[in-house]
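Thank you all for coming. I would like to take a few minutes to walk through one structure with you, beginning with how its strands are put together and moving outward from there.

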Amino acid sequence: MTYSYLQSTETSIVQQAKQLLYDVLFEPLQLPNTMQEQLKIQGEELYFVALDEQSEVVGVMVVVIEGQHVELHHAATRTALRGHGIGKQLWEQVRKYCTDNGYEQIELVSRNTAMSFWASVGFEDASQEWIERPEFVKHGIRHKAMKQLL
Ligand SMILES: CC(C)(COP(=O)(O)OP(=O)(O)OC[C@H]1O[C@@H](n2cnc3c(N)ncnc32)[C@H](O)[C@@H]1OP(=O)(O)O)[C@@H](O)C(=O)NCCC(=O)NCCS
């Protein structure tokens, strides 16, 4: 299977990407589908997606930009397709967008379960502190700030 990678503002693609985020990140924790809205941060949202040959969204990274501050806010690969390189390719799209546009640093808040993925593409801890949100901690998920100089 080959995948295509692009940044999209198309409503149907963005909707599919939001659904994928819910299916992968929130539904397994019995969190409501308003979660993405609740976690929203200020800034312009950009959707980078991986599409399969049927133009279905199988991977997504959401970047939020506010001035010079760039945050990689959500990321998910369709569960059955994890570990096939989609996340790495999506990150390459995001990295290229950021360097092409002159941004010098990108930040994110990672789940403990994803930190080794982010480290594998160049992120490092931005803090020693764990961020503990009750609705995630009860599922064994903690968060930590990470960053990468571009
Ligand atoms: C994290 C995630 C987006 C990575 O996407 P992916 O398509 O699985 O990533 P890739 O296949 O490109 O993986 C790249 C490398 O990271 C490794 N990797 C992927 N996810 C990992 C994880 N959670 N922990 C450790 N290593 C991981 C892969 O094995 C691969 O290693 P390799 O290059 O040595 O073969 C995806 O696994 C996912 O959706 N996870 C669940 C949701 C999540 O945790 N999102 C991030 C919240 S901060």
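Let me begin with a question: in which sense do β3 and β4 pair, and over how many bridges? What we have here is a predicted model, and in it β3 and β4 are paired in the antiparallel sense, with eight bridges between them. To place one of those pairs for you, Val 63 has Leu 72 in β4 as its bridge partner. The two strands make a hairpin in which two residues lie between them, and Gly 67, in the turn, has a positive phi of about 65°.

On the other side of the pairing list, β2 and β3 also run antiparallel and are joined by eight bridges. Here Glu 44 has Ile 65 in β3 as its bridge partner, while Phe 48 stands opposite Met 61, again in β3. This pair of strands forms a hairpin too, with five residues between them, and in its turn Ser 55 has a positive phi of about 60°.

If we now step back to the whole sheet, we find an open sheet of seven strands with mixed pairing, whose order is β1-β2-β3-β4-β5-β7-β6. The edges are taken by β1, residues 4-8, and β6, residues 124-125, and because each of them has a single partner strand, one side of each is left without a neighbour in the sheet. For β1, the pairing with β2 is antiparallel and has five bridges, and Ser 8 is found opposite Tyr 47 in β2. Between β4 and β5, by contrast, the sense is parallel, with two bridges, and Leu 72 stands opposite Leu 108 in β5.

Let me return to β3 and ask how many of its residues are buried. Seven of the 10 are, so this strand is largely enclosed by the rest of the structure. As a general point, nonpolar side chains in soluble globular proteins tend to be buried together. In this model the largest nonpolar core has 26 residues, and Phe 48, Val 60 and Met 61 are the ones with the most contacts inside it. The elements giving two or more residues to that core are α1, β2, β3, β4, α3 and β5, and the largest share, six residues, is that of β3. Met 61 is a good residue to click on while I speak, for, if we leave aside its neighbours within four places in sequence, it is in contact with Phe 48, Leu 72, Ala 75, Leu 90, Trp 91 and Val 94.

Turning to the helix α1, residues 11-26, we can check its length: at 1.5 Å a residue its 16 residues should span 22 Å, and the end C-alpha atoms are 21 Å apart, which agrees. Its buried residues are Gln 16, Ala 17, Leu 20, Leu 21 and Phe 26, and these pack against α2, β2, β3 and β4.

Finally, the ligand: which residues come nearest to it? Of the 20 residues around the ligand, the nearest are Thr 77, Arg 82, Gly 87, Lys 88 and Ala 114. Two or more residues of this shell are given by each of α1, β4, α3, β5 and α4. By character, the shell residues divide into seven nonpolar, 10 polar and three charged.

Key
Residues numbered from 1 in each chain as written. Predicted model: local features only at pLDDT ≥ 70, side-chain atom pairs only at ≥ 80, totals over all residues. Helix = DSSP H or I, 4+ residues; strand = E, 2+ residues; numbered from the N terminus. Expected span 1.5 Å × (residues − 1). Buried ≥ 20, exposed ≤ 12 C-beta atoms within 10 Å, placed from the backbone. Contact = placed C-beta atoms within 7 Å. Near = placed C-beta within 6 Å. Nonpolar A, V, L, I, M, F, W, Y, C, P; charged D, E, K, R; others polar. Pairing = 2+ DSSP bridges. Core = buried A, V, L, I, M, F, W, Y, C linked by C-beta atoms within 7 Å.
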